[in-house]
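Biologist: I am new to this structure and would love a close look at one part of it. Could you start with a single residue and then walk me outward from there?

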Amino acid sequence: MGEKSVFDSQTNIITDAVVFEEDYTPDEIYCRDEMKTEYVQILRPIYKGRPPKNAFLYGDTGVGKTAVTKFLLEKLADDLEKKHGEQTITANNLSILSSEFPEPHTVASGENADLTVVQLNCQNLPTKGEKGTSYQVAVALVNQFLSEEDELSTTGHAPQAIYNRLYKEIDRLGGTILIILDEVDAIGDDDTVLYELPRSRADGKISEARIGVIGISNDYTFQQNLSPKVQDSLCEREIRFPAYGADQLATILRERADVGLIEGSYSESSLAIIAALARRDSSGSARKAIDILQKAAEIAEDRGKEEITEAFAREAFEEIRKDELIEDIKQQDAHKLNALNALAEAHRLDKVPIRKKTLHSTYSKIVEDNGNKPIAVRSFHNHLNRLVMFGLVNEVTENRGKGGGRYNVYELSQEMTPQAVNKAINETDDISWVDVTYIKDA
DNA sequence: CATCCACTGGAAGATATGGCGA
DNA sequence: TCGCCATATCTTCCAGTGGATG
């Protein structure tokens, strides 16, 4: 053996990095037995060749909604194959359930196709805003059935034409079609597609195929805000996924650690601490807990240690939080970055909390100095509000009463620092008209 | 307890971009 | 080419509002 490469860490704790990745499906899913039982009841008709049921799943992010779905669908595909002894499943996204839209499609043309699973993440619709529309979901679904070169564009069509096209494609495929709409709350107020799909067969829009729709959401209120018509059909069955408790998170971590880490590199107590941190910060997200574990292992490796200590766990937690924050900032558009920049400037000058009007003039100055035209106060107000919703900016309402009036004051939220804003803006690719000259070390 | 300030935030319309089908 | 459609974001207008003040 030759010399050790500089790229190699002194110690190796992680034996299998795949285990920590987003789309890894463990052999067994822990602590979700009740949900699995209910879910099986929903999928059972498909196995028996009966019309599928519609269902609605809800629970916070990282509590296993997608994981259980993927797990059970793979099992269902296996079992169906065993039962019929031939390939009866055409699942376009089954193996890449957590992937992004749009994805290459492998929808089979098969005459034998008894079951087709179509999975769509409504959060990745080609809209710029955070909310998509029913129209876009319909377009995206149609595109799932088409080959890549035939894909429809996302605008320009009459809505009814899209729905008709969708029914045509569904009918052409035939068999049982299970449509899984992940992050379905990302479809704004317009729930047309959720109404149309489950009823399409009853309405005579399709005749060959049977459709089941499973909506997945992390917004508890979403389902309540749906129109009664949709609630009737889509929410035929409901499964609630509660948050993982700290002990459950620890169980999940132990399972991952057993598979992906060297034995002896982790202790029960360090896993318990990671579980507690994730539990507190993210209301029980297994994803978060696993990320922290991975990061802690990496930190330990970098330091040449063979064990994940409590200190590494806490360090990993802090680092992940910081990364998330920077990521959040980087995702903002130029207007919001400029607004954040102005707010960071106000922090440096110790002028916070600052009133919107004052902040707007600071913002205008920065933008004008850079040779660009600032947006009107009202629009600025909108952007600022969005930043508040994202949790990047704090808003406090003050009321000075008669002669003073009511107004809001703003400052960067607690975790935010002017430095974090600078770092994020510097790392942003599109800073074409974000004025970087104002970004200096505080 | 009515007043009244300085805002907030809803609504509507303008502008721009990008795309379809005839 | 023209007319239509979807989306995004800006601007203008203004009714409504919370609560300390008088």
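What is the relative accessible area of Glu 196, and does that make this residue buried or exposed?

Modeller: Happy to help, and please keep in mind that this is a predicted model. Glu 196 has a relative accessible area of 14%. Buried means under 20%, so Glu 196 is buried. Its side chain has a charged partner: Glu 196 and Lys 205 meet in a salt bridge, at 3.6 Å from N to O. Lys 205 has a relative accessibility of 35%, so this residue counts as partly exposed. The bridge therefore joins a buried Glu 196 to a partly exposed Lys 205.

That pair has company, as the structure holds 21 salt bridges. Two others lie in helix 11, which covers residues 310-330. In one of them, the side chains of Glu 310 and Arg 314 come together at 3.2 Å, N to O. These two residues are four apart in helix 11, so about one helical turn separates them. Glu 310 is partly exposed, at 41% relative accessible area, and Arg 314 is partly exposed as well, at 40%.

The other bridge in this helix links Glu 327 with Lys 330, at 3.5 Å from N to O. Here the spacing is three residues, so the partners are again separated by about one helical turn. Glu 327 has a relative accessible area of 38%, so this residue is partly exposed. Lys 330 is partly exposed too, with 25%. Bridges can also share partners: Asp 281, Lys 288, Arg 321 and Glu 324 are joined in this way into one network.

Some charged residues gather with others of like charge instead. Arg 44, Lys 48, Arg 50 and Lys 83 form a patch of positive charge on the surface. One of them, Arg 44, sits in helix 1, which spans residues 33-47. With a relative accessible area of 41%, Arg 44 is partly exposed. There is a negative patch on the surface as well, made of Asp 16, Glu 21, Glu 22 and Asp 23. Among these, Asp 16 belongs to the segment before helix 1, and at 30% relative accessible area Asp 16 is partly exposed.

If you would like to see some buried residues besides Glu 196, try the aromatic rings. The count comes to two aromatic pairs. One is formed by Phe 56 and Tyr 58, whose ring centres are 5.9 Å apart with 40° between the planes, a tilted arrangement. Phe 56 has 0% relative accessibility, so this residue counts as buried. Tyr 58 has 13%, so Tyr 58 counts as buried too.

The other pair is Tyr 363 with Phe 380, with centres 4.7 Å apart and planes at 35°. Planes under 30 degrees apart count as stacked, over 60 as edge-to-face and the rest as tilted, so this pair is tilted. Tyr 363 belongs to helix 13 (residues 356-369) and Phe 380 to helix 14 (residues 377-389), so the pair ties together parts that are 17 residues apart in sequence. Both Tyr 363 and Phe 380 are buried.

Notes:
Residues are numbered from 1 along each chain as its sequence is written. Chains are lettered from A and ligands numbered from 1 in the order in which they are written. This is a predicted model: local features need pLDDT of at least 70, side-chain atom pairs count only at pLDDT 80 or more; totals for chains, interfaces and linings use all residues. Side-chain values use heavy atoms; hydrogens and water are left out. Patches are made of residues with over 30% relative accessible area and no salt bridge: like charges are joined within 9 Å, nonpolar side chains (Val, Leu, Ile, Met, Phe, Trp, Tyr) within 5 Å. Accessible areas come from the Shrake-Rupley method with a 1.4 Å probe; for residues, only the protein chains shown count as cover. A salt bridge is a side-chain nitrogen of Lys or Arg within 4 Å of a carboxyl oxygen of Asp or Glu. Lys and Arg count as positive and Asp and Glu as negative; His and the chain ends are not counted. The place of a charge is taken as NZ of Lys, CZ of Arg, CG of Asp or CD of Glu. Buried means under 20% relative accessible area, exposed over 50%, partly exposed in between (1.4 Å probe, protein chains only). Rings of Phe, Tyr and Trp (its six-membered ring) pair if their centres lie within 6.5 Å; planes under 30 degrees apart count as stacked, over 60 as edge-to-face and the rest as tilted.
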